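Here are a few exercises to work through with the model open in your viewer. Try each one before you read the solution.

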Amino acid sequence: MKKYILFTLLVLMGCTQISSINIPTLQRERNENCMDFKRFQVFQVFDDGYALANACTSEYSPDSCYGAVVLLTPRRNLEYYDEMYVSTPNDKCAVQNGVYKYETKNKTHKTVPVIRLEYEFSSSSEQEDMERINDTMEDLRFECKLSVTNNKNTKANINKCDCAVDFISSEVLRAKSDNLTAADKENIEKNLLKNIEKKCGKLPDFLKDAI
């Protein structure tokens with residue numbers, strides 16, 4: 001899995017202060033990682049909240065989904081079920097976040113892309129910037145807690161999810177400060193994992209992989 005938290009941190013640290021006046025969508029920079037997939041049909045759900053799905057690729061028949069097989073990551077306030085149709089939100093797009101390997105019922109080995117949601121266009125204001133930071137951190141908190149629910153020391157690991165996400169949020173806000181030099185921001189990036197574990201203790205595997 002791609003270390004998407006570090007990637008998000010780098011993107012947000014690179015944001016410059018902009019006017020509070022909204023910028024039309026056509027003038028915003030589009031996320032170069034966006035895929036063409038907009039709609040999926042689930043065919044297998046896993047206990048950890050992930051789901052295998054087929055991409056719906058026909059513009060003439062949106063309910064005909066026989067495209068590429070992908071692994072959908074868990075989403076807040078959405079519970080996957082068999083045959084469910086899932087669409088990307090209007091402001092987000094599907095991006096590949098690593099690959100997933102599995103074995104089919106007929107013993108065939110498959111490797112498919114892991115699909116995660118990211119914002120399709122750059123932010124238009126400082127307020128939207130903050131909303132996106134909060135949204136990204138809550139996604140991380142949700143997925144981290146989901147990943148450790150069935151493990152040993154569940155309560156302790158859930159507390160670490162909260163501690164780590166809160167720490168990352170504070171680092172993102174600190175990195176956006178105009179008072180920090182480029183060297184300061186590079187230091188935040190370089191020592192992020194070490195500083196999180198110094199404050200929160202040894203992290204669950206999901207968070208280590210994400211960071």
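**Exercise 1.** Find the bridge partner of Leu 71 in strand 6, then work out how the sheet is put together.

*Solution.* This is a predicted model, so we're reading computed geometry throughout. Start at Leu 71: its bridge partner in strand 6 is Val 114. Next, look at the strands around that pair. Strand 3 (residues 69-72) runs parallel to strand 6, and two bridges join them. Now go to the other neighbour: strand 5 (residues 92-103) pairs with strand 6 (residues 109-119) in the antiparallel sense, over ten bridges. One of the partnerships to check here is Val 95 with Arg 116 of strand 6. Put it all together and you get an open sheet of six strands with mixed pairing, in the order 4-1-2-3-6-5. Strand 4 (85-87) and strand 5 are the edge strands, each pairing on one side only. From one strand to the next, the twist averages 40°.

**Exercise 2.** Which residue in the hairpin of strand 5 and strand 6 takes a positive phi?

*Solution.* Go to the link first: there are five residues between the two strands of this hairpin. Step through their backbone angles and you'll land on Lys 107, with a positive phi near 70°.

**Exercise 3.** Which strands does helix 2 touch, and how is helix 2 set against helix 3?

*Solution.* Begin on the sheet side. Helix 2 (residues 126-148) packs on the sheet and touches strand 5 and strand 6, its direction making about 145° with that of strand 6. Then turn to the helix pair: helix 2 and helix 3 pack at about 160°, with their axes 9 Å apart. Anything over 145 degrees counts as roughly antiparallel, so helix 2 is roughly antiparallel to helix 3. The crossing of the two is right-handed. Helix 2 contributes residues including Met 130, Ile 133, Met 137 and Leu 140 to the contact, while helix 3 brings in, among them, Ile 158, Cys 161, Val 165 and Ser 169.

**Exercise 4.** Is Asn 134 buried, partly exposed or exposed, and how far apart in space are Asn 134 and Ser 169?

*Solution.* First place the residue: Asn 134 lies in helix 2. Its relative accessibility is 47%. Exposed would need over 50% and buried under 20%, so Asn 134 counts as partly exposed. For the second part, take the C-alpha atoms: Asn 134 and Ser 169 are 7.7 Å apart, although 35 residues separate them in sequence.

**Exercise 5.** Sort out the two sides of helix 5 (residues 192-200), then describe how helix 3 packs against helix 5.

*Solution.* Pick out the buried residues first: Leu 192, Ile 196 and Cys 200. They cover an arc of only 40° around the axis, so they sit on the same side of helix 5. Lys 194 and Lys 198 are exposed on the other side. Just after the helix, Gly 201 takes a positive phi of about 90°.

Now bring in helix 3 (residues 154-175), which packs against helix 5 at about 130°, with the axes 10 Å apart. The two helices are therefore oblique to each other, and helix 3 passes helix 5 in a right-handed crossing. As a last step, list the contacts: Cys 163, Ala 164, Phe 167 and Ile 168 are among the helix 3 residues that meet helix 5, where the partners include Leu 192, Ile 196 and Cys 200. Those three are the buried residues you started with.

Note on methods: Residues numbered from 1 in each chain as written. Predicted model: local features only at pLDDT ≥ 70, side-chain atom pairs only at ≥ 80, totals over all residues. Heavy atoms only, no water. Pairing = 2+ DSSP bridges. Helix = DSSP H or I, 4+ residues; strand = E, 2+ residues; numbered from the N terminus. Buried < 20%, exposed > 50% of the residue type's maximum accessible area, 1.4 Å probe, protein only. Arc of directions from axis to C-beta. Axes fitted to C-alpha atoms, helices over the stretch in contact; angles between N-to-C directions. Parallel < 35°, antiparallel > 145°, perpendicular 65-115°, else oblique. Left-handed = near helix turned anticlockwise from the far one by under 90°. Contact = heavy atoms within 4.5 Å.
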